[in-house]
Amino acid sequence: MASHIVGYPHMGPKRELKFALESFWDKKSSAEDLQKVADDLKSFIWKQMSDAGIKYIPSNTFAYYDQVLDTTAMLGVVPFLFRIVWREKNRLN
């Protein structure tokens with residue numbers, strides 16, 4: 001029997017991604033360090049699902065922080081007010 005799951009917790013079994021994000025936000029680590037943790041975690045999760053016998057491993061389930069926000073941006077459905085704030089912030093930087 002083939003198995004499938006809709007998603008999988010993305011923070012890691014010991015919340016590795018959470019701690020890597022906080023370290024990055026506090027400027028205690030680099031973007032490359034954060035990317036390495038994320039890549040290692042994705043590989044670990046995919047291997048864990050495969051080893052568990054899940055035949056149809058879901059894709060695009062990883063998010064650094066907020067999966068709903070990522071999907072909103074991906075689909076281009078960011079509310080108008082937030083688009084204005086984002087443009088203004090980026091123009092000032």
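## H10 and its surroundings

The H10 side chain comes within 3.3 Å of the backbone oxygen of A63. The model is predicted. H10 sits in the segment that precedes α1, the helix spanning 16-25.

Is H10 buried or exposed? H10 is buried, because its relative accessibility is 13% and the cut-off for buried is under 20%. Which residues does H10 touch, leaving aside neighbours within four places in sequence? Its contacts are L17, L41, I45, T61, F62, A63, Y65 and Q67. A63 thus appears twice: in this contact list and as the residue whose backbone oxygen the H10 side chain reaches.

## S3 and its surroundings

S3 also lies in the segment before α1. S3 counts as partly exposed because its relative accessibility is 26%.

A polar atom of the S3 side chain is 3.1 Å from the backbone oxygen of G53. Not counting residues up to four places away in sequence, S3 touches G53, I54, K55 and Y56.

How far is S3 from Y65, one of the contacts of H10? The two C-alpha atoms are 27 Å apart in space, and S3 and Y65 are separated by 62 residues in sequence.

## The annotated region

An unreviewed UniProt entry annotates residues 3-83 as "domain: Cobalamin-independent methionine synthase MetE N-terminal". Over residues 3-83, helix makes up 54% of the chain and strand 0%. The C-alpha atoms at the two ends of this stretch are 40 Å apart.

Note on methods. Residues numbered from 1 in each chain as written. Predicted model: local features only at pLDDT ≥ 70, side-chain atom pairs only at ≥ 80, totals over all residues. Heavy atoms only, no water. Helix = DSSP H or I, 4+ residues; strand = E, 2+ residues; numbered from the N terminus. Buried < 20%, exposed > 50% of the residue type's maximum accessible area, 1.4 Å probe, protein only. Polar contact = N/O pair within 3.5 Å; in protein donor to acceptor, adjacent residues only side chain to side chain. Contact = heavy atoms within 4.5 Å. UniProt positions renumbered as here; feature names shortened; annotations may be inferred.
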